[in-house]
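Trainee: I would like to take a close look at one part of this structure, and I'm still learning how to read such a model. Could you walk me through it slowly?

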Amino acid sequence: MKEKLVVVGNGMAGMRAVEELLKLDADKYEITVFGNEPYPNYNRIMLSPVLAGEKTIDDIILNSREWYDENGINLITGDEVVEIDRVKRKVMTASGAETHYDRLLLATGSKPFIIPVPGHDKDGVIGFRDIADVETMLDAAKTSKHAVVIGGGLLGLEAANGLMKQGMDVTVVHLLDSLMERQLDKPASAMLKASLEERGMKFLMEAQTAEITGDGHVSGVKFADGSEVAADLVVMAVGIRPNIELAEKAGLHCERGVVVDDTMQTFDPKIYAVGECVQHRGQCYGLVAPLFEQAKVVANHLAEMGIARYEGSVTSTKLKVTGIDLFSAGEFNEGEGDETLVLQDPGAGVYKKLVIRDDKVKGAVLYGDTMDGTWYFTLLREGTDISAFRSTILFGQHDLGDAGHGSSGSGVMSLPDSAEICGCNGVCKGDIVNAITTKGLFTLAEVQAHTKASSSCGSCTGLVEELLASTVGEGYDEAPSKQGMCNCTEHSHDEVIAAIRDQELKSMDAVREAMGWKTPDGCASCRPALNYYLLARWPAEYQDDAQSRFINERAHGNIQKDGTYSVVPRMFGGLCTAEDLRAIADVSDKYQVPEMKVTGGQRIDLFGVKKEDLPAMWKDLSDAGFVSGHAYGKALRTVKTCAGKTWCRFGTQNSTGLGVKLEELTWGSWMPHKFKLAVSGCPRNCAEATIKDFGVVCVDSGYELHVGGNGGIKVRVTDLLTKVATEEEVLEYCGAFTQLYREEGHYLERTAPWVERVGLNHIKEQILDDEANRKDLYERFKFGQQFAQIDPWKQRAEGGEAHEFTPVVISA
Amino acid sequence: MSNWIEIVALEDIPKLGSRVVKTDTMDIAVFRTADDRVFAIKDACPHKGGPLSQGIVHGTSVTCPLHNWKIDLTSGEALAPDEGCTNVFATKVENGKVYLSLKADEVAA
Ligand code: SRM
Ligand SMILES: Cc1cc2nc3c(=O)[nH]c(=O)nc-3n(C[C@H](O)[C@H](O)[C@H](O)COP(=O)(O)OP(=O)(O)OC[C@H]3O[C@@H](n4cnc5c(N)ncnc54)[C@H](O)[C@@H]3O)c2cc1C
Ligand code: SF4
Ligand code: FES
């Protein structure tokens with residue numbers, strides 16, 4: 001039988017410990033979790049954005065009830081554990097339930113400290129700790145006006161900001177003369193106060209609360225000097241106390257918190273503790289980063305691996321008030337013999353201070369520009385000797401790169417792999433980039449799920465998004481630059497493209513031989529590239545190689561996560577007839593398509609088709625007049641159009657008709673990456689032409705041609721190429737531009753990075769200034785299209801590549 | 001000892017390509033390399049079960065179509081930096097025919 005693990009406290013530390021444990025050994029324990037809040041585990045940190053109306057409760061749930069079910073965890077919410085019987089090894093709850101344990105994990109967090117002044121127990125006096133508190137505040141904001149927040153620390157200011165956003169008139173009462181004195185020095189604190197005042201927050205500094213007044217419900221706050229302010233709501237945010245009541249009652253050794261050793265064990269070897277409720281080496285923590293480290297350690301011991309130790313943490317702080325950037329770490333008030341470096345730019349609202357001792361960073365306070373916070377924090381924790389770049393350190397790491405002390409580049413991409421991006425979860429840049437490339441991650445949510453980065457306080461979300469954009473945006477295996485295409489060769493994309501053209505290389509073997517490839521048949525990254533380059537250069541002669549195409553292109557559908565495929569028939573310009581729709585509906589019925597949806601590209605996607613069914617389904621679609629939509633290809637995707645002159649009261653030209661003509665011209669052509677077109681009937685631009693690879697915006701006097709747009713991971717607005725007068729010219733310029741990209745673009749490089757790499761001027765020279773060249777490009781494009789516009793679906797429906805779609809069935 | 005089952009003619013598997021063999025219990029991917037060697041492994045990537053038969057074959061490895069893990073066809077193991085392993089089955093080619101044995105080989109790690 002499995003051992004029983006009972007967890008008391010369904011909060012951030014306890015559940016992280018359980019997650020870590022499941023990763024190490026999912027089957028070891030039968031797990032029961034008690035939480036006295038009525039919710040599954042949620043991200044407490046995000047209560048501030050919830051209060052400010054920037055997020056909802058649903059957004060901040062970390063582990064849904066389904067998650068507990070899927071992992072076989074018995075979750076009991078809304079019931080408090082009131083007693084631990086250490087002899088019989090069981091816990092008792094308020095509702096009377098008893099549960100036996102072999103191991104017990106205490107993760108009871110902490111409680112807000114309520115100053116015991118007269119009247120502290122009146123209605124309307126609350127802490128800021130859980131969802132119930134936030135709900136009380138949101139309700140109060142609906143019906144009443146005046147809020148007083150006692151405490152000008154991190155939590156108090158976030159509460160005050162949220163209440164202000166909810167429309168309340170907020171006064172912050174602080175005992176000392178400067179805000180956030182535990183994180184900020186005086187100048188930074190003064191800047192913070194000024195900018196909060198600008199937003200409408202009021203402050204009463206050096207004010208000592210003496211009494212909460214009111215008749216049952218709070219009506220005001222009285223101070224030691226006799227003054228008073230009106231209040232319908234009082235939020236006490238003066239500090240937290242580890243929640244040790246239960247542990248103390250059970251006779252466990254407690255001081256400020258439940259005392260644990262480096263393995264997170266309490267004085268009873270069956271009982272472990274993590275989170276804000278513990279005291280480790282004399283230290284209690286109130287931020288998630290150290291708690292998550294503790295969670296890793298305790299999981300390791302619960303899984304009986306017995307190797308991890310927790311040795312304490314250095315923490316850093318950020319304030320989550322949208323629009324205010326603030327970072328603090330270490331000893332930010334200089335001591336004797338310390339040096340300080342200060343950069344102050346009041347105009348720009350920037351203040352940076354570093355405390356240096358023995359050539360090492362000891363503390364940092366940043367206000368207004370926190371981009372380099374993670375870097376300073378890394379230098380601090382690692383005790384790096386900074387004498388070599390001391391004179392520029394305040395300008396940040398980017399500047400350092402230019403001076404030759406590391407890789408150059410912009411922003412976060414220039415950080416070293418070891419730079420910590422997510423402080424809460426201790427995730428470095430290298431971990432994130434590695435996860436993106438090796439696991440093929442595309443969205444922030446995926447990065448959060450795989451690495452945990454940006455899944456707690458969210459202040460690193462911008463950095464993670466930037467990493468995602470730069471890593472995925474360039475296509476994962478090859479960045480378009482002079483480096484070798486892949487590990488099989490030192491030659492760059494440009495060199496390979498030139499060799500294929502100049503040495504008239506017409507097969508992959510010929511390229512690999514002529515250019516000294518290191519592998520006999522290349523790899524999954526160079527083969528598709530070579531196949532494309534050869535096809536684009538020698539459309540009539542080169543024999544396309546199916547085995548060098550990514551499965552989507554080989555099977556002419558998008559592979560789905562369960563191994564089925566999607567089918568997207570082409571609808572030229574997004575136009576369709578009742579008959580077309582009926583044909584699609586019939587096909588959907590016949591092959592029992594589980595889901596259909598209208599895509600962002602103005603056509604219909606049929607999801608979840610079995611691979612064996614594809615050829616027959618394509619035959620039916622082909623008989624009804626459809627061709628493949630190439631929704632799976634590095635190819636011409638869609639031509640998006642708007643209503644246009646025929647119907648729209650603003651339309652200047654026949655945008656729909658022109659879109660159809662453009663799609664008839666370009667469909668079927670293979671490209672370095674996907675390629676999208678749009679035609680809008682007027683500058684209102686309903687077809688979003690200015691984020692397409694080639695976009696047309698119709699105007700009274702003709703057609704504006706826009707190029708190099710991208711609406712995906714990293715939005716790029718098009719550049720205006722030129723304006724032309726007739727539809728014929730639109731087609732010619734479009735064909736020429738497309739061909740230039742096909743001939744020069746690196747495989748997996750979309751037009752946006754391509755235009756940025758070669759420059760718009762180069763494109764103008766080739767297409768605008770040199771008419772003969774433009775016409776040649778257009779002719780080459782049309783020549784290639786003769787071979788490309790053979791519908792691949794029809795070919796396969798007629799039996800082509802049958803082995804691809806026919807499994808061998810054996811019965812054993 | 002082994003129980004050889006004839007599946008297809010060698011030429012019915014494209015070079016650097018694969019065929020899927022459906023059995024009662026699972027799908028098996030049978031690959032043919034450029035030099036006409038044939039390997040069979042369970043058609044499920046150790047990462048998230050991606051259909052390896054649909055990947056790109058190079059040398060004696062296949063790259064999974066879902067998230068680009070590379071799997072060694074001889075051992076069924078993921079190549080570094082990834083970790084994991086899928087079952088390998090014995091194959092042989094005789095007189096242009098491919099045979100498969102369903103007894104899963106124990107592969108030394
Ligand atoms: C079906 C569709 C979503 C929808 O239901 O609306 C879709 C679905 C996918 N998109 Fe998309 N994209 C779809 C419109 C878009 C659009 C909007 C548009 O085209 O107007 C964009 C932003 C515009 C743009 O491309 O600039 C878009 C930006 C992306 C990106 C990011 C591209 C980039 O350069 O940043 C990817 C990833 C990639 O290509 O590497 C992507 C990748 C994908 C893939 C192919 C993911 C994959 O690799 O498997 C999805 C396939 C789903 C499937 O299994 O069928 N999809 N995708 C849309 C198909 C349009 C069509 O009819 O062909
Ligand atoms: C508004 C706010 C903003 C914050 N912002 C940040 C930030 O930006 N960065 C940062 O790092 N940290 C921040 N924190 C702190 C962070 O949320 C805490 O450090 C963290 O949640 C502590 O985790 P824990 O598991 O120890 O405690 P908790 O998350 O509080 O979990 C303890 C749980 O145990 C339950 N419980 C207690 N006793 C019992 C019992 N006897 N029986 C059953 N259940 C019990 C409690 O109800 C609670 O749900 C913030 C906190 C708040 C309130
Ligand atoms: S782009 Fe212009 S023509 Fe087209 S629908 Fe919008 S307003 Fe009408
Ligand atoms: S399923 Fe194969 S790499 Fe993810």
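Which elements of chain A each supply at least two residues of the lining of the second largest pocket?

Mentor: Happy to! Keep in mind that this is a predicted model. Let's begin with your pocket. Five elements of chain A each supply at least two residues of its lining: helix H1 (12-24), strand E22 (326-330), helix H9 (373-382), helix H12 (444-451) and helix H13 (461-473). Try finding them one by one on the chain.

Now for the pocket as a whole. The second largest pocket has a volume of about 1000 Å³. It is lined by 47 residues, and those closest to its centre are A:Met46, A:Cys457, A:Gly458, A:Ser459 and A:Thr461. If you sort the lining by class, you get 19 nonpolar, 17 polar and 11 charged residues. As for how such a space is found, rolling a probe the size of a water molecule over the atoms shows where empty space is left.

Stay with helix H13 for a moment, since A:Ala469 has its place there. With a relative accessible area of 13%, A:Ala469 is buried, because that word stands for anything under 20%. A:Ala469 also shows how a chain can bring far-off stretches of sequence together. A:Gly712 is 243 residues away from A:Ala469 in sequence, yet their C-alpha atoms are 9.3 Å apart in space.

You can look for other pairs of this kind in chain A. A:Gly608 sits in strand E31 (residues 604-609) and, at 24% relative accessibility, is partly exposed. A:Gly608 and A:Tyr565 are separated by 43 residues in sequence, with 5.4 Å from C-alpha to C-alpha. A:Asp545 belongs to the loop between helix H16 (526-537) and helix H17 (551-555). Its relative accessible area of 22% makes A:Asp545 partly exposed. From A:Asp545 to A:Asn531 you count 14 residues in sequence and 6.7 Å in space, again C-alpha to C-alpha.

Next, let's turn to the aromatic rings. A pair of aromatic rings is described by the distance of the centres and the angle of the planes. The search of the whole structure finds 16 aromatic pairs over all chains. In one of them, A:Trp67 and A:Tyr68, the ring centres are 5.2 Å apart and the planes stand at 85°, so this pair is edge-to-face. Both partners are buried: A:Trp67 has a relative accessible area of 18%, and A:Tyr68 comes to 1%. Elsewhere in chain A, ring pairs join A:Phe675, A:Phe694, A:Phe737, A:Tyr741 and A:Trp754 into a cluster.

Rings can have charged neighbours too. A:Arg549 lies over the face of A:Trp670, 3.9 Å from the ring centre. A:Lys611 lies over the face of A:Phe805, with 5.9 Å to the ring centre.

Ligand 3 gives you another set of residues to select. Around ligand 3 you will find A:Cys642, A:Ala643, A:Gly644, A:Cys648, A:Phe650, A:Gly651, A:Gly681, A:Cys682, A:Arg684, A:Asn685 and A:Cys686. By class, this shell divides into 6 nonpolar, 4 polar and 1 charged.

What about the backbone? Most residues other than glycine have a negative phi, and most peptide bonds are trans. A:Asp359 has a positive phi of about 65° although it is not a glycine. Look for A:Asp359 in the loop between strand E24 (350-357) and strand E25 (360-367) of chain A. Its relative accessible area is 29%, so A:Asp359 is partly exposed.

Chain B offers a similar case. B:Leu16 is not a glycine either, and its phi is positive, at about 55°. B:Leu16 lies in the loop between strand E1 (4-9) and strand E2 (17-22) of chain B. In contrast to the partly exposed A:Asp359, B:Leu16 is buried, at 11% relative accessible area.

While you are there, glance at chain B as a whole. Its secondary structure comes to 0 helices and 9 strands, so a walk from the N terminus meets one β element after another. Chain B has 109 residues, and 52% of them count as buried.

To finish, go back to your pocket and colour helix H13, one of the elements that supply its lining. Then pick out A:Ala469 within helix H13, and draw the line from A:Ala469 across to A:Gly712.

Notes
Residues are numbered from 1 along each chain as its sequence is written. Chains are lettered from A and ligands numbered from 1 in the order in which they are written. This is a predicted model: local features need pLDDT of at least 70, side-chain atom pairs count only at pLDDT 80 or more; totals for chains, interfaces and linings use all residues. Side-chain values use heavy atoms; hydrogens and water are left out. Rings of Phe, Tyr and Trp (its six-membered ring) pair if their centres lie within 6.5 Å; planes under 30 degrees apart count as stacked, over 60 as edge-to-face and the rest as tilted. Buried means under 20% relative accessible area, exposed over 50%, partly exposed in between (1.4 Å probe, protein chains only). A charge sits over a ring if NZ of Lys or CZ of Arg is within 6 Å of the ring centre and within 35 degrees of the ring normal. A residue is near a molecule or strand if one of its heavy atoms lies within 4 Å of it. Ala, Val, Leu, Ile, Met, Phe, Trp, Tyr, Cys and Pro count as nonpolar, Asp, Glu, Lys and Arg as charged, and the others, Gly among them, as polar. On a 1 Å grid over the protein atoms alone, a cavity is a set of points where a 1.4 Å probe fits but cannot get out, and a pocket is an open set with protein on both sides within 12 Å along at least five of seven lines; lining residues have an atom within 4 Å of a point. Grid points are joined across faces, edges and corners, and a volume is the space filled by probe spheres set on the points. Helices (H or I, at least four residues) and strands (E, at least two) are DSSP runs, numbered from the N terminus.
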